[in-house]
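Me: I am new to this structure and would like a close look at one part of it. Could you walk me through the stretch around helix 7 and its neighbours, with any unusual backbone spots?

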Amino acid sequence: MSRCDNLLLGIDLGTSRTAVVADNNYQDLTSSVVGYPKDIVGLKMLGKPQVFGAEALRHHSALALYRPMEDGLIRETDFHNYNTVYELLKHVIRQAAPDGGAACGVIGVPSRAFLHNKKLLSSLVEDLLEVALIVPKAFLVAYKINRLTNSIIVDIGAGTVDICAMKGMVPPLEDQVTLTKAGDYIDARFEALVAERYPQLQLSRGQLRLIKEEHAFVDQYGGPVQTVLRADGVPVEVDLSAELQSACESIVPDILEQLVTMVKDFDPEAQQEVLENIFISGGGSLIRGIDEVVALHLVEYGDVHVRCIDKNGLIGAQGGLKLAKELDPDVWGQVGFMHAEEKRAAADGGD
Ligand SMILES: Nc1ncnc2c1ncn2[C@@H]1O[C@H](COP(=O)(O)OP(=O)(O)OP(=O)(O)O)[C@@H](O)[C@H]1O
Ligand SMILES: [Mg+2]
């Protein structure tokens with residue numbers, strides 16, 4: 001049991017959504033977006049200088065919207081983006097701890113952000129959390145379901161698919177793979193295919209994403225996708241089944257290729273168990289039939305069992321909270337990255 005007396009948080013910082021769960025029973029899923037009023041009219045209308053998540057999306061026309069993460073990384077285009085990831089984290093932490101009390105948190109991030117942005121992130125949360133641990137999100141998924149060995153986690157997010165081989169330890173770099181064909185790629189592909197078939201339609205990426213989230217499927221596991229869109233302002237009924245299926249299937253070959261490579265990399269005596277323990281998390285796990293298709297393509301390697309385990313999008317954050325509750329913050333540094341570790345390393349003359 002954790003000896004930390006503060007509020008404990010599990011946070012999953014994602015490109016499209018940030019999930020938070022706390023040991024005071026708070027839980028929330030917020031769109032990873034921060035909006036700033038474009039002018040004094042927007043400021044007056046909203047009554048505040050910053051708006052987050054769904055509220056920001058609702059008032060998008062009055063706001064300059066910033067998404068702090070892109071392709072699984074904190075956006076590094078300008079200083080403003082560092083502020084937005086800080087502001088987003090501050091907002092979600094305050095929501096969970098409204099009395100402003102101290103909190104300790106385990107933060108899951110895409111593998112790429114863990115690789116490239118962990119020091120930055122850790123320094124950003126230094127004044128937001130009493131103790132903060134940064135870990136790859138896929139590890140938190142494995143922790144939540146208690147499959148820390150002989151399993152593979154495939155986290156299909158918006159910016160990246162993170163695939164992680166669990167071998168009874170915190171996964172080293174060589175056991176993590178990041179693919180950039182994920183949910184956003186499906187959206188772009190879907191839009192291109194629809195535009196090609198129906199050039200007269202007025203398309204919006206947001207509208208197509210909603211259609212995807214309602215109907216996404218691979219192989220024969222879904223459809224038909226019939227909906228009404230507009231051409232020159234006039235409603236037109238269209239069938240988007242083939243386009244949506246093709247867009248969703250476009251991410252599958254790369255996932256399969258990496259899965260095969262990873263399975264073969266386990267000890268031969270472990271490989272059958274690994275094949276029976278493949279787990280899909282992230283928003284992409286809701287694509288109908290994705291588990292079946294992955295299993296079908298791996299059948300020549302043995303009995304395969306693929307499970308989708310993230311119905312509500314909270315599993316990474318729940319894994320973070322579980323870890324925070326079970327391990328004392330004194331030993332968190334053995335699991336992931338903490339700012340304190342960096343300071344210690346600097347004091348010792350390390351990197
Ligand atoms: N029902 C659904 N079917 C298919 N895709 C979905 C569904 N619901 C959400 N998604 C997609 O899942 C993605 C969001 O998933 P998730 O919240 O796991 O991503 P994220 O953690 O924000 O991104 P990343 O892990 O890449 O940083 C988006 O592309 C979204 O459109
Ligand atoms: Mg994610």
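Reply: Here is a short tour of that part, followed by a similar backbone spot elsewhere. Please keep in mind that this is a predicted model.

Let's start with the loop between helix 7 (205-215) and strand 15 (226-231), where P224 lies. The peptide bond that joins G223 and P224 is cis, with omega at about -5°. D219 lies in that loop between helix 7 and strand 15 too, and its phi is near 55°, a positive value in a residue other than glycine. Both features catch the eye because most residues other than glycine have a negative phi, and most peptide bonds are trans. As for its surroundings, D219 is partly exposed, with a relative accessible area of 30%.

Now for a neighbour of helix 7. Helix 6 covers residues 183-197, which makes 15 residues. From its first C-alpha to its last, helix 6 reaches 21 Å, close to the 21 Å expected at 1.5 Å a residue. Its buried residues are G183, I186, D187, F190, E191, L193 and V194. These buried residues pack against helix 7, and also against strand 14 (201-202) and helix 8 (241-249).

Finally, the spot elsewhere: N146 has a phi near 60°, again positive in a residue other than glycine. You will find N146 in the loop between helix 5 (137-145) and strand 11 (149-156). N146 has a relative accessibility of 56%, so it counts as exposed, while D219 is partly exposed at 30%.

Definitions and conventions: Residues are numbered from 1 along each chain as its sequence is written. Chains are lettered from A and ligands numbered from 1 in the order in which they are written. This is a predicted model: local features need pLDDT of at least 70, side-chain atom pairs count only at pLDDT 80 or more; totals for chains, interfaces and linings use all residues. Side-chain values use heavy atoms; hydrogens and water are left out. Helices (H or I, at least four residues) and strands (E, at least two) are DSSP runs, numbered from the N terminus. Buried means under 20% relative accessible area, exposed over 50%, partly exposed in between (1.4 Å probe, protein chains only). The expected span of a helix is 1.5 Å times one less than its number of residues. Contact means heavy atoms within 4.5 Å.
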